[in-house]
Amino acid sequence: MPRLGRADEAGRVQARVDVAGSGEASVATGVPVLDHLLSLLAQYASFDLALEVAPGDAEAEVAAAGRALGQALASAFEVEGYRRHGSAVVPADEALAHVVVEASGRPLVVSNVDLSDARVAGLAHDIVGTFLRELAE
């Protein structure tokens, strides 16, 4: 049975998540590196993701994408009896990510990676931190 979540930010952002999916992704945020990372997230998490962000400032697009995905996941996890926590360890290239998620309604992001000075895709701010904060909120 599909467990769908949706978010729509006044026509600017549309997100749909099926947490019982197969890892299919259609992502268009306007930030190619974020599109790539979100497609990988859907693949490794085995959920289907459709996310579209109207063009605008790249940093605003990143924040909007995180917020929309967070809202869509939250609504998908509202199904009674559905497990609202999980963890995984995933190797990727030269990195090893250990991720723990709990959908408790108390947003918190803890990371031991400081990317505040990193320029990802030419953006001057920590887009990963911005995305994760918006996702959690």
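A search of the whole structure, which is a predicted model, finds one salt bridge. Its partners are Arg67 and Glu134, whose side chains meet at 2.8 Å, N to O. Arg67 belongs to helix 2 and Glu134 to helix 3, so the pair ties together parts that are 67 residues apart in sequence. Are the two partners buried, exposed or something in between? Arg67 has a relative accessibility of 27%, and therefore counts as partly exposed. Glu134, at 24%, also falls into the partly exposed class. Buried would require a value under 20%.

The two helices that carry this pair can be taken in turn. Helix 2 covers residues 58–76, which makes 19 residues. From its first C-alpha to its last it reaches 27 Å, close to the 27 Å expected at 1.5 Å a residue. Which residues of helix 2 are buried? They are Glu61, Val62, Ala63, Ala64, Ala65, Gly66, Ala68, Leu69, Gly70, Ala72, Leu73 and Ala76. Arg67, the salt-bridge residue of this helix, is partly exposed, whereas Gly66 and Ala68 are buried. In an α-helix there are 3.6 residues a turn, so residues three or four places apart point the same way.

Helix 3 spans residues 127–136, and in it Ile127, Gly129 and Phe131 are buried. What covers these buried residues includes helix 1 (32–45) and helix 2. Helix 2 thus appears twice beside helix 3: it is part of the cover over the buried residues of helix 3, and it holds Arg67, the partner of Glu134.

The wider chain can now be set around these helices. Its secondary structure comes to three helices and six strands. Read from the N terminus on, the order is β-β-β-α-β-α-β-β-α. The chain has 137 residues, of which 28% count as buried. Among contacts between residues at least 6 apart in sequence, 59% join residues at least 24 apart. The accessible surface comes to about 8600 Å², and 53% of that belongs to carbon and sulfur atoms.

How far the model can be read depends on the part in question. The mean pLDDT of the chain is 82, with 85% of its residues at 70 or more. Among the elements, strand 3 (residues 25–28) has the highest mean pLDDT, 94, and strand 1 (residues 4–8) the lowest, 63. Where pLDDT is low, the predicted coordinates should not be read in detail.

Conventions
Residues are numbered from 1 along each chain as its sequence is written. This is a predicted model: local features need pLDDT of at least 70, side-chain atom pairs count only at pLDDT 80 or more; totals for chains, interfaces and linings use all residues. Side-chain values use heavy atoms; hydrogens and water are left out. Helices (H or I, at least four residues) and strands (E, at least two) are DSSP runs, numbered from the N terminus. The expected span of a helix is 1.5 Å times one less than its number of residues. Buried means under 20% relative accessible area, exposed over 50%, partly exposed in between (1.4 Å probe, protein chains only). Contact means heavy atoms within 4.5 Å. A salt bridge is a side-chain nitrogen of Lys or Arg within 4 Å of a carboxyl oxygen of Asp or Glu. pLDDT is the predictor's confidence in each residue, from 0 to 100. Accessible areas come from the Shrake-Rupley method with a 1.4 Å probe; for residues, only the protein chains shown count as cover.
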